[in-house]
Number of protein chains: 2
Amino acid sequence: MARVSLKTVAKEAGAGSVRPAAKAKEKSRTNDPDRTRANIIEVATHEFSEKGLSGARIDEIAERTRTSKRMIYYYFESKEGLYRAVLEESYRRIRTIEATLDLENKPPLEALAQHVRFTFDYQLANTDFIRLVMVENIHHGEHIAQLSQTQQANMAAIDTLRGIVQRGIDSGVFRKDLNPIDLHMSISALCFFNVANRYTFSTIFKVDMASPAETAARRESVADMVLRFVAP
Amino acid sequence: MARVSLKTVAKEAGAGSVRPAAKAKEKSRTNDPDRTRANIIEVATHEFSEKGLSGARIDEIAERTRTSKRMIYYYFESKEGLYRAVLEESYRRIRTIEATLDLENKPPLEALAQHVRFTFDYQLANTDFIRLVMVENIHHGEHIAQLSQTQQANMAAIDTLRGIVQRGIDSGVFRKDLNPIDLHMSISALCFFNVANRYTFSTIFKVDMASPAETAARRESVADMVLRFVAP
DNA sequence: ACAAACGTACGAACCAGTGCGTTTATGTCA
DNA sequence: TGACATAAACGCACTGGTTCGTACGTTTGT
């Protein structure tokens, strides 16, 4: 059925990943499993986050890749396998970035405020991740349930917050009955909504939640709400 | 192009829809367009909310209906048409129920607290609706964008909150710079997350967010957070 | 030489949508 | 009132395009 060749000719495109200098004739193929794998995941991440697990098409993902559909199955075995790899990688990325923040040495109130603003901005800048979480919840979390590695690592992500809360309580600037997990949930909820429900909310209330002005105001409102929440 | 009439034959619709007494032989079919339509929407609501727009299957919806697949296309024209009808009906239902609450005559603080707890409980009890909103946002809100009727009616849904805010400010128990839409967003965010992200959050943090104890604690935490937020 | 990495082309199941014929309800006029 | 025409409501069985997945052969690296 005249299915088009889909060459993906040449191209140095890459965000990085230098190739061997050879390049002489474009006829030659270069094996680079790491790059191929990473490239597939990158494309798939965007595709799954845009269309969901059921809405995404393996053929379309393959098309946007520098390799072929066969390679997707070679590396990931199935559509769900690929989805799981995408989920894992997205969760891995968020926690490595979160760890770079140094909030341990700042006064609790300031540290918390910064933590909230950072979370807000990170989620705003990583809508792909947010949407993947939405998709995963539509699927009842059955895939992340299989990634125990990911679960553990992400549970540890609130250790920073836990530390801030402890210091805040100790120094008397936070109320004593504060529950770190509950606090984390509230922060997540406020930041998450801003990205996740942007479309329906903007449509109904005729505001452009993606605009810089709206975003800035919202960020401060969220920070304010959290700070008020922890006060004694 | 046998394009169906789409009658909407007036009628008192009601959840009940009494049938003609006839019923004589079970061999005979009884035409009851309203009931058929409502039945399809009911089944489709659950199916779309469980599997999403792309994940849901028309054949499966038809199977769970008391009628045939052909009727789905007879009444709704396409899968997306059915989805739109489902979305519209879900939004319609939430606002009629919301309107039944009488908060106009209670003191602002009490009214707000009740409003928050009601929102929390309603969303908890109507996961189908919440999940539909998630699905719609995955699709960039392109379907609700076509339902201007629904948009308008739902924008009006914050009039109650707006009234409470005004009375609270006037009587001095709320701070003056409170923005009703911003407040509404925060309340929605806190309640929404509880249902929408239940699976990933429960999995990562090893808590059962659906349990009564967890739910009750969370409801009070949310109410507390909102009340602190509005204080002068 | 041998395994890992890769591409092409194909198949089988799935699934939205429809052609067409049948039954039920309703209006109309003798 | 009842015969009849017409429209609405309905069901069966099918189709054509889509889509996940793979058989099989080729190239690259060690």
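**Helices around DNA strand C**

Helix H1 (33–55) and helix H3 (69–76) of chain A, plus helix H2 (58–63) and helix H3 (69–76) of chain B, each supply at least two residues of the surface near DNA strand C. Here "near" means that a heavy atom of the residue lies within 4 Å. Helices (H or I, at least four residues) and strands (E, at least two) are DSSP runs, numbered from the N terminus.

This is a predicted model: local features need pLDDT of at least 70, side-chain atom pairs count only at pLDDT 80 or more, and totals for chains, interfaces and linings use all residues. Residues are numbered from 1 along each chain as its sequence is written, chains are lettered from A and ligands numbered from 1 in the order in which they are written, and side-chain values use heavy atoms, without hydrogens and water.

**Surface near DNA strand C**
- DNA strand C is surrounded by 24 residues; Thr67(A), Tyr75(A), Arg57(B), Lys69(B) and Arg70(B) are the closest.
- Of the strand C atoms within 4 Å of the protein, 58% belong to sugar and phosphate.
- H3(A) gives the most to this surface, with 4 residues.

**Polar contacts (N or O pairs within 3.5 Å)**
- Tyr75(A) places a polar side-chain atom 2.5 Å from a phosphate oxygen of strand C.
- Asp32(A) has a backbone N or O atom 3.1 Å from a phosphate oxygen of strand C.
- Arg70(B) has a polar side-chain atom 2.7 Å from a base oxygen of strand C.

**Chain A**
- Chain A has 11 helices and 0 strands.
- Of its 232 residues, 47% are buried (under 20% relative accessible area, 1.4 Å probe, protein chains only).

Technical notes: A polar contact is a pair of N or O atoms within 3.5 Å; within protein, one must be able to donate a hydrogen and the other to accept it, and residues adjacent in sequence count only if both atoms are side-chain atoms. Buried means under 20% relative accessible area, exposed over 50%, partly exposed in between (1.4 Å probe, protein chains only).
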